[in-house]
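Me: I should like to go through this structure step by step, with the reasoning set out for each answer. Please begin once the sequence and structure are shown.

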Amino acid sequence: MKMAPLPYLLGIVAAALISVCIWKYLGAPIAMVDAPSGKVHCVSYTPYRGDETPFDQTLVADPANMDQDFAQLSAVTDCVRIYSVDHGLDAAVPLAAKHNLQVLLGIWIGFSEEFNQKQIAKAIETVNANPEAIRAIIVGNEVLLRGEQAPEDLLRYIQQVKAATTRPVTYADVTDFWLKAPIELSQAVDFITIHILPYWEDNPTSAANGVAYLDQVRHEAEEHFPGKRIFIGETGFPSAGREREDARPSIVSQALYLRSFADYAETHDLDYNLIEAYDQPWKRAQEGTVGGAWGFFTTERIAKFPWVGPVSEHPDWRMKAGIAFGFSLIILTVMAWRGGRPEALGGLGAGFGAGFAGSALLLQIMHSHVAWRSPIEGIVEVLLFLISLAVLYFVLPEITKKRAGIAPLSIYDTLNWLRKPTKHGRCIALYLGLTQLAATFSALVVSLGLSFDNRYRDFPLAAFALPALSFALLAFNRGDQKRVVADRREEVVFSLLFVVTAGLIAQEEGLLNMHALAWCALNLIFIVPWFGQCVATLKSFFVKPAAIANT
């Protein structure tokens, strides 16, 4: 072991300190308004668990699972909203009634007339067999928003259901489409059901300001439909996923919004339905990580937060600090084994770096757990994890050597080796070059996606903070950012792409999105090791050779 005992012991202390500080900060309890005592009015319910999805036409929901869910939900609400009656969901009505739950029964309306008529027939049969269990019938969910039916066809379906049942009938959509709908549609329903989701609005609103936004939209709907009761058919906030402007998904944000809304609803005597009871992983395929994180119970049926008292994003932060410290000990040992022999101050620096790296590694694993949606994405997450391990094994030890640290091979030389791999060419510089190429190429792919197709893509900060900062620090130790090396065209192309995508992302996401700005900063940090090389290469393109010789 190259690191002397004292610096190594100081590194352990530093790693422990930084691990505790990071996770104590992340897990700090946040005070917020308590929800009123009693039950919430109604919650959206879909029964799918694990990899179950309504897109599987053969799937039939397990009645035993629904029975368990309703037993749990009966403690927090007296009503559940379901969105269709296929996949065995018609059985949800008598099962809910068994637990004294009423049902907002949804009829899913899509493009197909044949499918729609089957849904309507099954719903009418279910309602008439269990009329006391039905609070209301919702004919169609955001059909106008999706453009799957014209308003006159939707009106026909509503009239068909009203003629065949005795329960109240409504239609559910976002407020904008209700305001644009023909007046006949609002006249046909017994009450207006609107969806208000501050996170998904065209101008996203934070959890702290979400209720004020909802109040504004509700009053707009009331003014547009005088004399009609307004029912909030969906409102909520996600607990994980990408940030949109200052709307930042988290458990704390979700708790803040739902608790504030429950307090507001009681004060204003407002009827509502929360989205949703349980996380639904199948929605990630359409909406990214955030789509599967709207439940206030996890897929394991565990409550995410309390309805009274402070809320912590990581109530188990002590355990996570311990895991991060364990990672940092392994990292520190690798640095001691493969790195230089630092003095006491260097040992402290290595410990702080290992503590940061251990926490970043744990955050990366946690994000992979919620973002993993398919076998292909699973492979991508594993490859990103392997890149992080390569950074820990090859790059961090070189940082401890200061100016004696080895530099990565250029992109050109690394690609040359990949074209014709040889045993003779294997060395630390090659492994560093391969790691740097893998990290920067992966980051560029993510940045290009965020630049041109950003709505459902996450900012994988934890996965890329470690390689970006590690290679930048290695370059600073060696002075590589000042080295003038011409004809590094590949580095110039990568650097220009990082700069351009950073600008596009910042413009698209706005200055309120801290995750986006942090990702843009990582883009710029990735090009730090190539700064001098890029300047020299660009000069060789745009400045005459004689002018270069005279400088």
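**The disulfide and its surroundings**

Reply: To begin with one pair of cysteines, Cys42 and Cys79 are both buried. The model discussed here is a predicted one.

Me: Which residue is joined to Cys42 by a disulfide?

Reply: A disulfide is a covalent bond between the sulfur atoms of two cysteines. The search of the whole structure finds one disulfide. At an S to S distance of 2.2 Å, the partner of Cys42 is Cys79.

Me: How many residues apart are Cys42 and Cys79, and where does each lie?

Reply: The disulfide of Cys42 and Cys79 links distant parts of the chain. Cys42 belongs to the loop between α1 and β1, and Cys79 to strand β2. The two cysteines are 37 residues apart.

Me: Is the link of Cys42 and Cys79 left-handed or right-handed?

Reply: The quantity to consider is the angle about the S-S bond, which is -55°. With this angle, the link of Cys42 and Cys79 is left-handed.

Me: Is Thr77 buried or exposed?

Reply: Thr77 sits in the loop between α2 (63-73) and β2 (79-82). Buried means under 20% relative accessible area. Because its relative accessibility is 0%, Thr77 counts as buried.

Me: Which backbone oxygens does the side chain of Thr77 approach?

Reply: A polar atom of the Thr77 side chain lies 3.3 Å from the backbone oxygen of His41. The Thr77 side chain also reaches a backbone oxygen at 3.2 Å, that of Cys79. The residues asked for are therefore His41 and Cys79, as a polar contact is a pair of N or O atoms within 3.5 Å.

Me: Which residues are in contact with Thr77, leaving aside its neighbours within four places in sequence?

Reply: One of these contacts is Cys42, the cysteine that a disulfide joins to Cys79. With the neighbours within four places left aside, the full list is Lys39, Val40, His41, Cys42, Val43 and Leu101.

**Charged pairs**

Me: Which residue forms a salt bridge with Arg259, and is Arg259 buried or exposed?

Reply: Side chains of opposite charge can pair when their charged atoms come close. The closest N and O atoms of Arg259 and Asp34 are 3.0 Å apart, and the two residues form a salt bridge. Arg259, with 0% relative accessibility, counts as buried. The partner is Asp34.

Me: How many residues separate Arg259 from Asp34?

Reply: Arg259 is part of helix α10 (residues 251-267), whereas Asp34 is in the loop between α1 (5-26) and β1 (43-44). The pair thus links distant parts of the chain, and the separation is 225 residues.

Me: Is Glu148 buried or exposed?

Reply: Glu148 meets Arg146 in a salt bridge, at 3.1 Å from N to O. Arg146 has a relative accessible area of 30% and is partly exposed. The relative accessible area of Glu148 is 17%, so Glu148 is buried.

Me: Which parts of the chain are tied together by the salt bridge of Asp271 and Arg229?

Reply: The side chains of Asp271 and Arg229 meet at 3.5 Å, N to O. Asp271 lies in the loop between α10 and β8 (272-274) and Arg229 in the loop between α9 (207-224) and β7 (230-235), so the pair ties together parts that are 42 residues apart in sequence. Asp271 is partly exposed at 24% relative accessibility. Arg229 is partly exposed at 42%.

Me: Which residues are linked with Asp69 in a network of salt bridges?

Reply: The whole structure contains 22 salt bridges. In the network that includes Asp69, the linked residues are Arg49 and Arg301.

**Surface and overall form**

Me: What accessible area does the nonpolar patch with Leu389 have?

Reply: Leu389 is in helix α14 (residues 375-399) and is partly exposed, with a relative accessible area of 34%. The surface patch is formed by Trp372, Ile379, Val382, Leu383, Leu386 and Leu389. Together they have about 550 Å².

Me: What share of the residues in the protein chain is buried?

Reply: The chain holds 21 helices and eight strands, and its C-alpha trace spans about 90 × 55 × 45 Å along the principal axes. Its accessible surface comes to about 24800 Å². Of the 551 residues, the buried share is 52%.

Terms used: Residues are numbered from 1 along each chain as its sequence is written. This is a predicted model: local features need pLDDT of at least 70, side-chain atom pairs count only at pLDDT 80 or more; totals for chains, interfaces and linings use all residues. Side-chain values use heavy atoms; hydrogens and water are left out. Helices (H or I, at least four residues) and strands (E, at least two) are DSSP runs, numbered from the N terminus. Buried means under 20% relative accessible area, exposed over 50%, partly exposed in between (1.4 Å probe, protein chains only). A polar contact is a pair of N or O atoms within 3.5 Å; within protein, one must be able to donate a hydrogen and the other to accept it, and residues adjacent in sequence count only if both atoms are side-chain atoms. Contact means heavy atoms within 4.5 Å. Patches are made of residues with over 30% relative accessible area and no salt bridge: like charges are joined within 9 Å, nonpolar side chains (Val, Leu, Ile, Met, Phe, Trp, Tyr) within 5 Å. Accessible areas come from the Shrake-Rupley method with a 1.4 Å probe; for residues, only the protein chains shown count as cover. A salt bridge is a side-chain nitrogen of Lys or Arg within 4 Å of a carboxyl oxygen of Asp or Glu. A disulfide is a pair of cysteine sulfur atoms within 2.5 Å.
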